[in-house]
Structures are given as C-alpha cells and as structure tokens.
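Here's a walk through one protein chain, written for someone who would rather look at the fold than at a table. Keep the viewer open as you read.

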Amino acid sequence: MDKDEHSVDPEGSSADRSGLVSEDGRNTKAVLCQRCGSKVLCPGMAVFSEKELFLPSMKKKRALSTSEGPMDGDNLTAHWLVDDMYTFENVGFTNDVGRIKYLICADCEIGPIGWHCLDDKKSFYVAVERVNHA
Ligand SMILES: [Zn+2]
C-alpha cells in the first residue's frame, strides 16, 4: 500500500491562511505560480473552498500525462474555487486522466496546482498550498 502522508492540520492551517481570505470568502491576494511567478488569478476572483482532493506530486506536464500506476501525491483540502476558466489570468491543463484534468502553470507547466472534473464544468479548484500569494 502507498504510504499516506497526512500533514493536514486543520487548526494550524486555518490560522495560517487567515490573511488570504477576505470577509466574503474571496482571495485577498493574487495567486502566483510557486516556481516562475506567473499570475494565475487576480485578487477577489476566487472563492475559498474546502474539499478533499487528491493531487499528484508536483512535476512537469509530460511526466504527469505519462505516469501510470499509483501516483505519489497529497490529499489537499484548501482550494480557491473558480467557476469559469476564463477567470484565470494564466492556466494550463494536463491531458484528461479519467474524468479529471489537472491545472498547471501556463508558463513553466509545473503542476498540478489544481483540479478540474469534466463532470462539473463550473468547478476549477486551485490548491492553496501549491501556489504563492502576493
Ligand atoms: Zn510557472
């Protein structure tokens, strides 16, 4: 079996992100790629959402699309939810993995930074832990 690394600490992490979420639940800061700084979302364009999603470990796009078998990754619960892909400043997608597309940086193609299911066209999730905020 895969070893599960549960680093989720609800109390600690909620305090940690308090400066990122506005009173109406939106992102107060721009969302940027951790690797190259490409802007993914402008402030106020996404809604904070808690949903448990599995995202494979960060790697380049080609490795994401070709990996087979069990993937290393994290169960992430804190996300920025966007209902329209045109809300993004810059974002890329992997090839479909089942019914899932992963969001990647449009510039350096590192990812996944987020998650999208083809069954729900109006839900694009960006993992708070996988982006920078500025
Ligand atoms: Zn990037």
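What follows goes from the overall layout to the sheets, the core and a few odd spots in the loops.

## The big picture

First things first: this is a predicted model. The mean pLDDT of the protein chain is 87, with 81% of its residues at 70 or more. The weak patch to know about is residues 7-15, where the pLDDT is below 50 and the stretch has 2 contacts in the model beyond near neighbours in sequence. Where pLDDT is low, the predicted coordinates should not be read in detail.

The protein chain has 2 helices and 11 strands. Reading from the N terminus, the elements go α-β-β-β-β-α-β-β-β-β-β-β-β. Of the 134 residues in the protein chain, 26% are buried. Among contacts with a separation of 6 or more, 53% link residues 24 or more positions apart.

## The six-stranded sheet

One open sheet is built from 6 strands in the order 3-5-10-9-7-6, with antiparallel pairing. Strand 3 and strand 6 (92-93) are its edges, each pairing on one side only.

Start at the strand 3 edge and work across. Strand 3 (residues 47-56) pairs with strand 5 (residues 73-82) through 8 bridges, in the antiparallel sense. Within that pair, Phe 48 has Trp 80 as its bridge partner, and Ser 49 has His 79. Strand 5 also pairs with strand 10 (residues 124-127), again antiparallel, over 4 bridges; here Val 82 sits opposite Phe 124.

Next comes strand 9 (114-117), which makes 3 antiparallel bridges with strand 10. Gly 114 stands opposite Val 126 in this pairing. The two strands form a hairpin, with 6 residues between them. Carry on to strand 7 (100-104), which pairs with strand 9 in the antiparallel sense over 4 bridges. Look for Tyr 102 facing Trp 115 there.

## The three-stranded sheet

There is also an open sheet of 3 strands, ordered 2-1-11 and paired antiparallel. Strand 2 (39-41) and strand 11 (131-133) are at the edges with a single partner strand each, so one side of each has no neighbour in the sheet. From one strand to the next, the twist averages 40°.

Strand 1 (residues 31-33) pairs with strand 11 over 3 bridges in the antiparallel sense. One pair to pick out is Leu 32 with its bridge partner Asn 132.

## What fills the core

Which residues have the most contacts inside the largest nonpolar core? They are Val 40, Leu 41, Leu 103 and Val 126, in a core of 26 residues. Strand 1, strand 2, strand 5, strand 7 and strand 10 each put at least two residues into this core. Strand 1 and strand 2 belong to the 3-stranded sheet, while strand 5, strand 7 and strand 10 belong to the one with 6 strands.

Val 126 is a handy residue to click on. Leaving out residues up to four places away in sequence, Val 126 touches Val 31, Val 40, Leu 41, Ala 46, His 79, Trp 80, Leu 103, Ile 113, Gly 114 and Val 131. Several names from earlier come back in that list: Trp 80 is the bridge partner of Phe 48, His 79 is the bridge partner of Ser 49, and Gly 114 stands opposite Val 126 itself.

## Loop spots worth a look

Met 45 is in the loop between strand 2 and strand 3. Is Met 45 buried or partly exposed? Met 45 counts as partly exposed, because it has 17 C-beta neighbours inside 10 Å and the buried class starts at 20. Its contacts, not counting residues up to four places away in sequence, are Asn 27, Val 82 and Thr 87. Met 45 and Leu 81 lie 36 residues apart in sequence, with 8.9 Å from C-alpha to C-alpha.

Two backbone oddities sit on either side of strand 8 (110-111). Glu 109, in the loop between strand 7 and strand 8, has a positive phi of about 65° although it is not a glycine. Glu 109 is partly exposed, with 17 C-beta neighbours inside 10 Å. In the loop between strand 8 and strand 9 you'll find Pro 112. The peptide bond joining Gly 111 and Pro 112 is cis, with omega about -5°.

Key:
Residues are numbered from 1 along each chain as its sequence is written. This is a predicted model: local features need pLDDT of at least 70, side-chain atom pairs count only at pLDDT 80 or more; totals for chains, interfaces and linings use all residues. Two strands pair if DSSP finds at least two bridges between them. Axes are lines fitted to C-alpha atoms, for helices over the stretch in contact, and angles run from 0 to 180 degrees between N-to-C directions. A nonpolar core is a set of buried Ala, Val, Leu, Ile, Met, Phe, Trp, Tyr and Cys residues joined through C-beta atoms within 7 Å. A residue is buried if 20 or more other C-beta atoms lie within 10 Å of its own, exposed if 12 or fewer, and partly exposed in between; C-beta atoms are placed from the backbone. Two residues are in contact if their C-beta atoms, placed from the backbone, lie within 7 Å. pLDDT is the predictor's confidence in each residue, from 0 to 100.
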